[in-house]
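Let's take a walk through this one together, starting with a single side chain and working outwards. Keep the structure open as you read.

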Amino acid sequence: MAKRGGFPGGMPGNMNNLMKQAQKMQRQMEEAQKELEEKEITATAGGGAVEVTISGKKEITKVKLSEEVVDPDDIEMLEDLIMAATNEALRQLEEFSSESMAKITGGMGGLGGMF
């Protein structure tokens, strides 16, 4: 017959510890999210002819074009370079975000492997 009144083997103490760890991890994740939102990532394409800066909120904050890349007869190339620089900036932001979360969760995913 199961014991009444809680978890066997002192689980209530461990559960308290687990809750404290989860709260600490939540605070760390909130801080990392705030840091991420304040971060800016800049990426280039075409040997630096196109430069795109995005915020941690995934908003483009700046586009810089070199004069030599602006060719009215080749708009498609310019579009491709802008797209490439933007995608690279987004990739770098995702990598930064993943690394930040891995530091908090110990690389286990979720809340330290709890979920």
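Find Thr-86 in helix H2. Is Thr-86 buried or exposed? Its relative accessibility is 14%, and since anything under 20% counts as buried, Thr-86 falls into the buried class. Now look at what sits around Thr-86: setting aside neighbours within four places in sequence, Thr-86 is in contact with Val-52 and Ile-60. Bear in mind throughout that this is a predicted model.

Those contacts take us over to the strands. Ile-60 belongs to the stretch 60-65, which is strand S3, while strand S2 covers residues 50-55. S2 and S3 run antiparallel, and five bridges join them. If you want one pair to look at, take Thr-53, whose bridge partner in S3 is Lys-62. As a reminder of the general picture, strands of a sheet pair through backbone hydrogen bonds, in either a parallel or an antiparallel way.

Zoom out a little and the whole sheet comes into view. Three strands make an open sheet, ordered S1-S2-S3, with antiparallel pairing. Strand S1 (40-45) and S3 take the edge positions with a single partner strand each, so one side of each has no neighbour in the sheet. From one strand to the next, the twist averages 15°.

S3 also leads us to the surface. Which residues form the nonpolar patch there? They are Ile-60, Val-63, Leu-65 and Val-70, and together they have about 330 Å² of accessible area. So Ile-60 turns up twice on this tour, because a residue with over 30% relative accessible area can join a patch, and Ile-60 is part of this one while also touching Thr-86. Val-70 sits in the loop between strand S3 and helix H2 (75-105). With a relative accessibility of 47%, Val-70 counts as partly exposed.

Follow the loop back into helix H2 for the charged side chains. In general, side chains of opposite charge can pair when their charged atoms come close. How many salt bridges does a search of the whole structure find? The answer is two, and Arg-91 takes part in each. One is with Glu-88, where the closest N and O atoms are 2.7 Å apart. Arg-91 and Glu-88 are three residues apart in helix H2, which means about one helical turn lies between them. The other is with Glu-95, with the closest N and O atoms 2.8 Å apart. Here the spacing is four residues in helix H2, so Arg-91 and Glu-95 are again separated by about one helical turn. Through shared partners, these salt bridges join Glu-88, Arg-91 and Glu-95 into one network. As for exposure, the relative accessibility is 41% for Arg-91 and 26% for Glu-88, and Glu-95 has a relative accessible area of 39%. Each of these values lies between the 20% and 50% limits, so Arg-91, Glu-88 and Glu-95 count as partly exposed.

Finally, step back to the chain as a whole. Its secondary structure comes to two helices and three strands, and along the sequence they follow the pattern α-β-β-β-α. The chain has 115 residues, of which 23% count as buried. Among contacts with a separation of 6 or more, 49% come from residues 24 or more positions apart. On the outside, the chain exposes about 8500 Å², with carbon and sulfur atoms supplying 51% of that area.

How values were computed
Residues are numbered from 1 along each chain as its sequence is written. This is a predicted model: local features need pLDDT of at least 70, side-chain atom pairs count only at pLDDT 80 or more; totals for chains, interfaces and linings use all residues. Side-chain values use heavy atoms; hydrogens and water are left out. Patches are made of residues with over 30% relative accessible area and no salt bridge: like charges are joined within 9 Å, nonpolar side chains (Val, Leu, Ile, Met, Phe, Trp, Tyr) within 5 Å. Accessible areas come from the Shrake-Rupley method with a 1.4 Å probe; for residues, only the protein chains shown count as cover. A salt bridge is a side-chain nitrogen of Lys or Arg within 4 Å of a carboxyl oxygen of Asp or Glu. Buried means under 20% relative accessible area, exposed over 50%, partly exposed in between (1.4 Å probe, protein chains only). Contact means heavy atoms within 4.5 Å. Two strands pair if DSSP finds at least two bridges between them. Axes are lines fitted to C-alpha atoms, for helices over the stretch in contact, and angles run from 0 to 180 degrees between N-to-C directions.
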